[in-house]
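Got the viewer open and a selection tool ready? Let's take a walk through this model, one stop at a time.

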Amino acid sequence: MSLRCPIVCVLGHVDHGKTTLLDKIRKTRVSQREAGGITQHIGASEIPIDVIKKVAKDLLGMLKADLKIPGLLVIDTPGHEAFTSLRKRGGALADIAILVVDINEGFKPQTIESINILKQNKTPFVVAANKLDLVPGWNSKDVPFVLNFNEKVQHPNALTEFEIRLYNNIIKPLNELGFDADLFTRVEDLTRTVCVIPVSAKTGEGIPDLLLMIAGLAQKYLEDNLKLDVKGPAKGTVLEVKEERGLGKTIDAIIYDGIARRGDYIVLGNPDGVVVSRVKALLKPKPLDEMRDPRDKFKPVNMVTAAAGVKISAPDLDRVIAGSPFRIVPKDKIEEAKKEVMAEVEELSIETDEEGIIIKGDTMGSLEALAKELKKRGVKIRKAEVGDISKKDIIEAHTYSKINPLYGVILAFNSKILPDAKEELERYSNVKIIQGNVIYKIVEDYEEWIKKMEEALKSDEFEKITRPAVIKVLPNCIFRKSKPAICGIEVLCGTLRVKSPLINEKGKKIGFVREIKNKEQENIKEATAGMQVPISIEGNIILGRHVKENDILYVDVPEEEVRKMVHEYKDRLREDEEEALKMFIQLKRKLENNMFWGI
Ligand SMILES: Nc1nc2c(ncn2[C@@H]2O[C@H](COP(=O)(O)OP(=O)(O)OP(=O)(O)O)[C@@H](O)[C@H]2O)c(=O)[nH]1
């Protein structure tokens, strides 16, 4: 059995030190004179097991096991976006993850989002408790943590500060999320307890401990289920499609299983079908000391064994997108490979709804992660597509916003707005675009937009609702008996608006308010409680006969609108409007002999 390197991803909250930690890991070397160090791949760095064993020689006893894996392949791009983009059939490509948490700041939204994503994918992880050098009083050096963690090196106060931060900022929040966690030196069983490894990406303290614990965990978890057994043709995922001088379109890819050979056929799965091409070259980065001309960055190889990052040059890669799964196979296996990659694409594809919003992403994986977060919240997605925001997207969003204004939005993860789409956007101000490179932030911004839109739509609706009012016909103020009837009234409570339908206490329809005038005899739209105003009424009534002085009249609010006011808009009614509504409901219940009227 030939074991492959486990693939490692680094996740964590912004600014907690993922990039700095990766840089530090990439610089790990045994010593200048001894051979060995990190091998640079395309998009990843390989740390051979010998290097790990040497830098962590003082801690090897802790593992109680011999390390048989050939090393670790650490993906160079940090962040959970990279983690989710790197997919293979059945889940994440990364076998193991390092969750970076600033030991001084503790858990933050993206820390929790990262853990949720790891949970979803059942990816084992260790926690790198970073920025150890910033723990007050801590004497941080470029040595393994275990050698630096004692009273000979550290002041007792620094040790106390460290323990407090370790517990409050890392262990306790992990416990709250349901994980057993402890400082790695205190962990008995790596598969049951999350290992916390204090590190400083700045000084290099703890990096050997971190590498050793990941190697140990990877071996424990993965060797048994043979997940690391390399066999058959290469399986991989596209990291990026890149134009390269002299080579044309190339793809940067991670190969996670099998062996890729130059001259074989690459079979890629896209949402719109399969692409088959012949592998012209497999390229690895040239080591710096061999790179005489910076334009000549790559070294061709005949064969690549998983796990590895590699650049693939082949004709006809135009339709390929980041996140596409692929196989590299001999000619007679092409048909079989086609079926396999299509099955993978289908697994990745997102179920869409008849109506809903549009989402875009830079890779299939990121799109899927965004879709998952939205579906959890019950958001309907009509179209989910890899690529930049096009003119067509804007027009579609505009069309669907007419069905429901809340559909007039495009959520875009790491996608740009194409120039002609920008022009279109200026025409359609009702289309909203929410862009970003953090899933939770996009979702948060979207929810905020929804809230604002709903409020705006509600005020629109509220404005259209017939307001309740109770009015009294004033004595000696009947100015005209009919067609239209004109009289002076007082609004006892509520808001009397033009066009309101009126009934009397017996439920008889009186007519509609045609005009309301103020003291200056100008038309006004409404009169509120306490106001005495002349109004004209349109309807077949005669004042003095059907309606008399001192009669009480009510605005006849439709039952549907009464319900809306009772259930949705109560807090928006004034006290006297509420009173008018209450009086009107009581009247209707009495007239209709129905105690449930208006509920
Ligand atoms: N003192 C100290 N500073 C650190 C350490 N690790 C990272 N930093 C600093 O913290 C800041 C953020 O580090 P990055 O590595 O950019 O953080 P990141 O998590 O990769 O951030 P994003 O790439 O923006 O998500 C930088 O100013 C680093 O120099 C550490 O161990 N100690």
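Leaving aside its neighbours within four places in sequence, which residues is Lys 472 in contact with? Select Lys 472 and check: the list is Gly 488, Ile 489, Glu 490, Leu 492, Asn 550, Asp 551 and Ile 552, where contact means heavy atoms within 4.5 Å.

Before going on, a word on what you're looking at. This is a predicted model, in which local features need pLDDT of at least 70, side-chain atom pairs count only at pLDDT 80 or more, and totals for chains, interfaces and linings use all residues. Residues are numbered from 1 along each chain as its sequence is written, and side-chain values use heavy atoms, with hydrogens and water left out.

**Stop 1: around Lys 472**

Lys 472 sits in strand S25. Strands here are DSSP runs of E with at least two residues, helices are runs of H or I with at least four, and both are numbered from the N terminus. Colour Lys 472 by accessibility and you'd find it partly exposed, at a relative accessible area of 28%. On this scale, buried means under 20%, exposed means over 50%, and partly exposed is in between, using a 1.4 Å probe and protein chains only. Now add Ile 489 to the selection: 17 residues separate it from Lys 472 in sequence, and the C-alpha atoms are 5.4 Å apart in space.

**Stop 2: the loop after S25**

Follow S25 (469-480) onward to the loop that leads to strand S26 (485-497), and pick out Pro 484 there. What kind of peptide bond joins Lys 483 and Pro 484? A cis one, with omega at about -15 degrees. Lys 483 lies in that loop between S25 and S26 as well. Its phi is near 45 degrees, a positive value in a residue other than glycine. Lys 483 is also exposed, with a relative accessible area of 61%.

**Stop 3: another cis bond and another positive phi**

Jump to Ala 306 and Ala 307, which are joined by a cis peptide bond with omega at about -5 degrees. Ala 307 is in the loop between strand S18 (303-305) and strand S19 (308-313).

Then select Lys 122, in the loop between helix H4 (109-121) and strand S8 (125-130). Phi of Lys 122 is near 55 degrees, positive although the residue is not glycine. Is Lys 122 buried or exposed? Exposed: the relative accessible area of Lys 122 is 73%.

**Stop 4: inside, at Asn 270**

Next, go to strand S14 (residues 265-270) and click on Asn 270. Asn 270 counts as buried because its relative accessible area is 1%. Turn on side chains here. The Asn 270 side chain reaches the backbone oxygen of Arg 319 at 2.5 Å. The side chain of Asn 270 also makes a polar contact with the side chain of Ser 324, at 2.8 Å. (A polar contact is a pair of N or O atoms within 3.5 Å; within protein, one must be able to donate a hydrogen and the other to accept it, and residues adjacent in sequence count only if both atoms are side-chain atoms.) With neighbours within four places in sequence set aside, the contacts of Asn 270 include Val 275, Ile 321, Met 342 and Val 345.

Step back to Gly 263, in the loop between strand S13 (259-261) and S14. Gly 263 is partly exposed, at a relative accessible area of 21%. Beyond its neighbours within four places in sequence, Gly 263 is in contact with Arg 278 and Val 279. Measure across to Val 329 too: the two C-alpha atoms are separated by 9.3 Å, with these positions 66 residues apart along the chain.

**Stop 5: toward the end of the chain**

Select residues 559-594, which an unreviewed UniProt entry annotates as "coiled-coil region"; such annotations may be inferred rather than shown by experiment, and positions follow the numbering used here, with feature names shortened. In the model this span is 75% helix and 0% strand, and its end C-alpha atoms lie 12 Å apart.

Met 595 is in the segment after helix H14 (575-592). Met 595 is exposed, with a relative accessible area of 59%.

**Zoom out**

Finally, show everything: the protein chain has 14 helices and 32 strands. Of its 599 residues, 51% count as buried. Among contacts with a separation of 6 or more, 71% come from residues 24 or more positions apart.
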